[in-house]
Amino acid sequence: MAGNWNNLQVPAGVRDLLPAEAAALRELEQELVAFFQSWGYQEVLTPTFEFVETFQAGSPAGDEGSLYKFIDREGRVLALRPEMTAPIARLVATSLRREALPLRLCYSARVFRYEEPQAGRLREFHQAGVELIGAGGVAADGEIIALAVETLLKAGLKDFRLGIGQVAVTKGVLQDLDLPREAVARIKVALAGKDLVGLERLVDEYSLTGLKRRQLELLATLHGGKEALEEARANFIQTGAAAALAGLEEVWQALTAYGLEKWLFIDLGILRDFDYYTGIVFEGYVPGLGVPVCGGGRYDGLVGQFGYPCPATGFALGLERVLMARGEGQGGGQGGYLVAGRDLAAVLRRARELRRPGVMVIIDGGSQNRQEAAARAAARGLALVWVD
């Protein structure tokens with residue numbers, strides 16, 4: 001209705017990107033995809049929406065609250081993609097099924113989640129990431145974590161840390177609690193949110209004592225390097241996670257030898273999605289940003305849900321979060337040229353000569369003299385090229 005100013009507002013959880021912001025995001029996106037390709041990853045694109053069953057395969061049973069769902073004209077339930085791993089798993093199990101493994105795939109895409117909006121958490125946002133399909137073991141885990149660290153460095157972040165956990169250990173501890181499903185779900189929420197006060201209340205509420213209490217508290221607080229691995233081995237061996245911890249230690253040693261130890265720490269409290277991840281998991285953190293800037297891990301069961309069982313691992317990072325961490329709320333000037341003069345044909349020829357990939361050239365046909373053109377160029381952060 002005309003005059004209804006509410007129609008001019010965007011919904012909660014989405015936002016416009018102004019020119020400088022859009023330019024910064026697009027530049028980051030292109031840099032990261034090119035970087036992934038330099039590691040041998042090939043770009044793929046999947047539909048913005050798919051049948052809802054695709055995303056149900058990657059979610060806990062009955063947990064569809066974050067999906068944007070709708071019904072098409074044939075009555076089929078569709079959903080906007082909330083992430084890219086499940087669609088790529090479907091793609092591998094169908095169109096790429098005959099390709100030799102392992103497959104190294106990368107992407108950059110918009111995703112949509114119906115979540116409570118807050119700083120660093122939108123309902124529509126951009127993700128870039130990689131998936132290593134058909135490769136298991138220490139080598140693949142090490143490659144993905146090393147690539148995650150190198151990607152954050154490539155993105156311009158320096159002051160970050162990557163926490164590494166192991167789902168098998170966390171699963172073992174929670175299963176050994178012998179509590180009702182609802183109680184375990186509450187504990188998982190406290191662990192995932194790093195809510196130590198809330199976790200302590202739950203420990204008292206469910207009368208957890210002795211080894212059970214000790215192991216649960218360690219999940220939430222055990223952080224560090226080699227010494228943390230040693231303490232984990234001493235305290236979690238009863239969970240049946242000895243092999244998982246041994247694999248984690250092998251990956252840690254490989255990454256240390258690669259020279260990445262300064263950015264890494266052990267964090268066995270990392271949960272992510274239990275019905276999704278099956279082994280090593282990790283998240284990247286930046287000071288001052290209340291949400292992880294990246295995350296990923298091993299998900300050996302997901303591709304099999306589409307009829308093609310094979311191991312897989314990968315990670316994704318949020319591009320808006322990277323830009324926030326870099327302090328680029330409004331972006332910066334790109335540089336380039338403003339070409340002006342009295343002879344339009346000569347101006348067009350000179351602009352054509354200057355224009356090349358990565359260089360912005362703006363034609364100014366409105367300035368009456370060199371001084372006026374210089375002022376316009378300065379206002380845009382461009383170098384003036386005056387054609388006599």
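I'll start with helix 12, on the side that faces away from its buried residues: the exposed residues there are Arg352 and Glu353. Bear in mind throughout that this is a predicted model.

Now the other side of that helix. Helix 12 spans residues 344-354, and its buried residues are Ala346, Val347, Ala351 and Leu354. Why do these four count as lying on the same side of helix 12? Because they cover an arc of only 135 degrees around the axis. The general background is that an α-helix has 3.6 residues a turn, so residues three or four places apart point the same way.

What covers them? Among the elements over the buried residues of helix 12 are strand 13 (337-341), strand 14 (361-364) and strand 15 (383-387). At the start of the helix, aspartate 343 places a side-chain oxygen within 3.2 Å of the backbone nitrogen of alanine 345.

Staying with strand 14, the loop between it and helix 13 (370-380) contains serine 367. Is serine 367 buried or exposed? Its relative accessibility is 10%, so serine 367 counts as buried, the cut-off being under 20%. Its side chain makes a polar contact with the side chain of aspartate 364, at 2.3 Å. Beyond its neighbours within four places in sequence, serine 367 touches Glu372, Ala373 and Arg376.

Next, the nonpolar cores. The largest one has 72 residues, and Phe36, Leu216, Phe236 and Leu317 have the most contacts inside it. Helix 4 (residues 137-154) supplies the largest share of this core, nine residues. There is also a second, separate core of 28 residues, with Leu105, Val111, Cys310 and Ala312 among its members.

To take one residue from the largest core, leucine 216 is in contact with Val173, Leu174, Leu177, Ile187, Leu191, Leu199, Val203 and Leu208, leaving out residues up to four places away in sequence. As a general point, nonpolar side chains in soluble globular proteins tend to be buried together.

Last, the cysteines. How many disulfides does the structure hold? Zero. For cysteine 294, the nearest cysteine sulfur belongs to cysteine 106 and is 16 Å away. Cysteine 294 is buried, at a relative accessible area of 5%. Cysteine 310, which I listed in the second core, is in no disulfide either, and the nearest cysteine sulfur, again that of cysteine 106, is 18 Å away. With a relative accessible area of 9%, cysteine 310 is buried.

Notes: Residues numbered from 1 in each chain as written. Predicted model: local features only at pLDDT ≥ 70, side-chain atom pairs only at ≥ 80, totals over all residues. Heavy atoms only, no water. Buried < 20%, exposed > 50% of the residue type's maximum accessible area, 1.4 Å probe, protein only. Helix = DSSP H or I, 4+ residues; strand = E, 2+ residues; numbered from the N terminus. Arc of directions from axis to C-beta. Contact = heavy atoms within 4.5 Å. Polar contact = N/O pair within 3.5 Å; in protein donor to acceptor, adjacent residues only side chain to side chain. Core = buried A, V, L, I, M, F, W, Y, C linked by side-chain atoms within 4.5 Å. Disulfide = S-S within 2.5 Å.
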